[in-house]
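This report goes through one protein model, from a single core residue out to the whole chain. Please look at the structure first.

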Amino acid sequence: MSDFQLLTVSTEDRGTDVVATVSGELDFGTTNDLLAAGEPVVSAGRALILDLAGLSFCDSSGLGALVQLHRAADAAGGSLTLAAPQPRVESVLRVTMLHKLLTVVDRVPAGS
């Protein structure tokens with residue numbers, strides 16, 4: 001990747017769920033940033049929505065982090081939703097069949 005972008009994750013606690021807006025590239029060097037933001041939420045049994053509209057790249061390490069968050073959410077009674085992935089990221093989810101394991105939606109659901 002010639003235009004290297006670090007990962008940024010900003011969270012918004014909406015009461016019933018937490019939306020984490022993820023931007024940049026999710027790869028070996030940045031997965032810990034995603035896990036640091038997401039694991040406390042899902043491990044507490046809460047709903048985490050990852051807004052992936054700004055995520056331009058995701059490698060196998062990033063996919064592993066998503067699966068790790070999914071498993072932690074499942075174990076704690078929480079949930080993980082991937083929202084608004086760019087076509088490039090959505091393609092990776094489909095090729096790896098992770099779209100069948102993970103909940104993927106077109107847009108960030110409205111808060112209640």
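## Leu-82 and the core

Beyond its neighbours within four places in sequence, Leu-82 is in contact with Leu-50, Leu-52, Leu-66, Leu-93, Leu-102, Thr-103, Val-104 and Val-105. Contact means heavy atoms within 4.5 Å. The model is predicted: local features need pLDDT of at least 70, side-chain atom pairs count only at pLDDT 80 or more, and totals for chains, interfaces and linings use all residues. Numbering starts from 1 along each chain as its sequence is written, and side-chain values use heavy atoms, with hydrogens and water left out.

Leu-82 is among the residues with the most contacts inside the largest nonpolar core, which has 27 residues. The others named there are Leu-34, Leu-48, Leu-50, Leu-55, Leu-66 and Leu-93. Such a core is a set of buried Ala, Val, Leu, Ile, Met, Phe, Trp, Tyr and Cys residues joined through side-chain atoms within 4.5 Å. Buried means under 20% relative accessible area, exposed over 50%, and partly exposed in between, with a 1.4 Å probe and protein chains only. Two or more core residues come from each of β2, α1 (31–43), β3, α2, β4 and α3. Helix α2 gives the largest share, seven residues.

## Sheet and helices

The protein chain has four helices and five strands. These are DSSP runs numbered from the N terminus: helices are H or I with at least four residues, strands E with at least two. From the N terminus on, the order is β-β-α-β-α-β-α-α-β.

The five strands form an open, mixed sheet in the order β1-β2-β3-β4-β5. β1 (8–13) and β5 (103–105) are the edges; each has a single partner strand, so one side of each lacks a neighbour in the sheet. Neighbouring strands are turned by 25 degrees against each other on average, direction ignored. Strands pair if DSSP finds at least two bridges between them. β2 and β3 pair in the parallel sense over nine bridges. Nine of the twelve residues of β3 are buried, so this strand is largely enclosed by the rest of the structure.

Two helices lie across the sheet strands. Angles run from 0 to 180 degrees between N-to-C directions, with axes fitted to C-alpha atoms, for helices over the stretch in contact.

| Helix | Strands crossed | Angle |
|---|---|---|
| α2 (residues 60–76) | β2, β3 and β4 (79–83) | about 145 degrees to β4 |
| α3 (residues 87–95) | β3, β4 and β5 | about 110 degrees to β3 |

## Asp-17 in strand β2

Asp-17 is found in β2 (residues 17–26). Is Asp-17 buried or exposed? At 8% relative accessibility, Asp-17 counts as buried. The Asp-17 side chain makes a polar contact with the side chain of Arg-14, at 2.8 Å. A polar contact is a pair of N or O atoms within 3.5 Å; within protein, one must be able to donate a hydrogen and the other to accept it, and residues adjacent in sequence count only if both atoms are side-chain atoms. Outside four places in sequence, Asp-17 is in contact with Glu-12, Arg-46, Ala-47 and Ile-49. Its bridge partner in β3 is Ala-47. Further pairing puts Ala-20 opposite Leu-50 in β3.

## Whole chain

Buried residues make up 39% of the 112 residues. The C-alpha atoms fill a box of roughly 40 × 25 × 25 Å along the principal axes.
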